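Student: I would like a close look at one part of this structure, the contact between the two chains. Please also describe the sheet in the chain that supplies one side of it.

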2 protein chains.
Amino acid sequence: MPKALILSKKRADEYRELVEKANLPDLDVMATSDMAEALATGAECEIIFGEPSLIPALLPEMKNLRWVQAMWAGVEPLLESSLRRDYTLTNARGIFGGLMSEYVFGYLLMHERRVMEHYQSQMERRWERAETGTLRGKTIGLLGVGSIGAHLAETAKHFGMSVRGYTRASETSPDVDSYYHGEDLLEFAKELDFLVSVLPNTSETRQLVDKSVFDVMSPQAIFVNVGRGSAVNESALVEALQSKRIAGAVLDVFQTEPLPENSPLWNLPNVFITYHTSARTVPTDMTSIFIENYMRYLHGKELKYIVDFKLGY
Amino acid sequence: MPKALILSKKRADEYRELVEKANLPDLDVMATSDMAEALATGAECEIIFGEPSLIPALLPEMKNLRWVQAMWAGVEPLLESSLRRDYTLTNARGIFGGLMSEYVFGYLLMHERRVMEHYQSQMERRWERAETGTLRGKTIGLLGVGSIGAHLAETAKHFGMSVRGYTRASETSPDVDSYYHGEDLLEFAKELDFLVSVLPNTSETRQLVDKSVFDVMSPQAIFVNVGRGSAVNESALVEALQSKRIAGAVLDVFQTEPLPENSPLWNLPNVFITYHTSARTVPTDMTSIFIENYMRYLHGKELKYIVDFKLGY
């Protein structure tokens, strides 16, 4: 009978209830947020279903470990070269697209509809019939077109936009009008109205968005980062914003998180900061992935969403 | 050779150029923003393509008038009972849905994603990982499901929402999950998360949204008005907002416009005021309607978007 250890800082009980409710065949489940308890009673488990940040400390003790289902999309904590890789690592995919679309298009619409300017007029009780913009006909560039990028592309099409995609190799989304790869980065970024990065943190994405990228974008362009802070040269971004080379930014991720109090990003005009909250894991969605993968595990089928330790995603 | 008079306060020249560029067969066009000039030189025209507010003053003098293509969706100025109705009136339809979706969902997403609270934290340089909401799974009610309502329904479905529609009779949008009519108004409004009115100003819609409607909505509900201010009992709305019977409102239209400086709506918490700008006419879109209808007119076919003077839309 396989034993699974559920690890979650704040939601261990919620996850245990969700998994137990599914009545998975042959599964013995324990759940904790306490690392000492996990080591004392969970060391013999062959499955971990948990938050990646909690797992590295346990890895050396888990003699029977065969499979880790990460509760996040990003699995950086498990990619440290000193850590073992003799188990199957799967991550969370396909459950963040909707939330990311809500975040990204919420801010893009706000920008086009000049919500902050209108709100300022309202505070002054001033009836102000200034022109507003529209997403229709504008061009969005997606850095990374996995399941999240594909959802963003679909939403962009719904609003009548042109969509470019920059990917390592794949060209799977039907909502992307034109794909770019490798050295075509500047061609991809040229005169974009919106650049959205959903890139993970890997050796290939590090500092990919740098001065040369901002230099070819439209001066009206907005940069959105919902991927990882490491994909951006943050001082080049600050410089592009300060010199008005681009018009604004919406940033959910940063080189250092929490964003240091002395970062110039906090109060640049037309910059919106959020707190790595653009798409948080919803336990019911996450548990559905675990359940599906557990059934595959039990029947010896290949798991979904396997992470390639070398690629990092 | 039919003569057409283009009437626009600010864009007469732009419209004339757009119409002339289409090289419409047999059409003689003049354009002005000046009423005296319109009367002096345009009185013999059989067609008016213009902004409804400018037209009533000319109506008695237009001896040959056969067709008016209004540049707006709302044609109230032409519905006064003292005015002649011996011509075909067509209005603007099908070109506002996208803009209305951008406006409505921009504000709904902003609300769910707590953009204003996040921005407040940002101003205080505070890394604040508060929970945010999602549109997915929420219920939106559309008061009026014509071409604009149908577009809103499609966008709501894209974001995974349940959609209710309240209409006079028609049930044409496939994106509406359940339709309500006539006396089912309170059933329709019950426990809605979002209520969006796109109702025109007619005798049947006047004060339709009143205390009884707000009383059955969810206390978390947001009311959005992008139709006409007359469809709402504004003092009941103020009272519902002040007593927190509903959570907020996004208002583009009002009983009196511009909104009077002493209106309590200006600075109620969680109320966003805009300035009858949710969907302004885009001249290229509007001219496409005129062109299509002119070709129908020329060939004796029925025009599109004919207004029923009695219904008012």
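Tutor: What follows takes the contact and then the sheet. The model is a predicted one, and the values below are computed from it.

The contact takes 55 residues from chain A and 55 residues from chain B. Between them, chain A and chain B bury about 4,800 Å², and 55% of that area lies on carbon and sulfur atoms. Of the area that chain A buries against chain B, 19% is supplied by Arg125(A), Trp127(A) and Tyr275(A). No other three residues supply as much.

Turning to polar and charged pairs, 4 salt bridges are counted between chain A and chain B. Glu131(A) forms a salt bridge with Arg280(B), and the closest N and O atoms of Glu131(A) and Arg280(B) are 3.8 Å apart. The count of residue pairs in polar contact between chain A and chain B is 40, taking pairs with both residues at pLDDT 80 or more.

Several elements of chain A contribute to the side that touches chain B. Helices α3 (97–112), α4 (115–123) and α5 (147–158) and strand β12 (271–273) of chain A each supply at least two residues of that side. The largest share, 9 residues, comes from α3(A). Sorted by class, the side of chain A that touches chain B has 24 nonpolar, 18 polar and 13 charged residues.

Now the sheet. In chain A, 5 strands form an open sheet in the order β2-β1-β3-β4-β5, with parallel pairing. Strands β2 (28–32) and β5 (88–90) of chain A stand at the edges; each has a single partner strand, so one side of each is left without a neighbour in the sheet. From one strand to the next, the twist averages 15 degrees.

At the β5 edge, strand β4 (residues 67–70) of chain A is joined to β5(A) by 3 bridges, and the two run parallel. Gln69(A) has Thr90(A) in β5(A) as its bridge partner.

Two helices of chain A lie across strands of this sheet. Helix α1 (residues 12–21) of chain A lies across β1 (3–7), β2 and β3 (47–50) of chain A, and α1(A) runs at about 165 degrees to β2(A). Helix α9 (residues 283–298) of chain A lies across β1, β3, β4 and β5 of chain A, running at about 160 degrees to β4(A).

Conventions:
Residues are numbered from 1 along each chain as its sequence is written. Chains are lettered from A and ligands numbered from 1 in the order in which they are written. This is a predicted model: local features need pLDDT of at least 70, side-chain atom pairs count only at pLDDT 80 or more; totals for chains, interfaces and linings use all residues. Side-chain values use heavy atoms; hydrogens and water are left out. Two strands pair if DSSP finds at least two bridges between them. Helices (H or I, at least four residues) and strands (E, at least two) are DSSP runs, numbered from the N terminus. Axes are lines fitted to C-alpha atoms, for helices over the stretch in contact, and angles run from 0 to 180 degrees between N-to-C directions. Contact means heavy atoms within 4.5 Å. Buried area is the accessible area (1.4 Å probe) that two parts lose on being put together, summed over both. A salt bridge is a side-chain nitrogen of Lys or Arg within 4 Å of a carboxyl oxygen of Asp or Glu. A polar contact is a pair of N or O atoms within 3.5 Å; within protein, one must be able to donate a hydrogen and the other to accept it, and residues adjacent in sequence count only if both atoms are side-chain atoms. Ala, Val, Leu, Ile, Met, Phe, Trp, Tyr, Cys and Pro count as nonpolar, Asp, Glu, Lys and Arg as charged, and the others, Gly among them, as polar.
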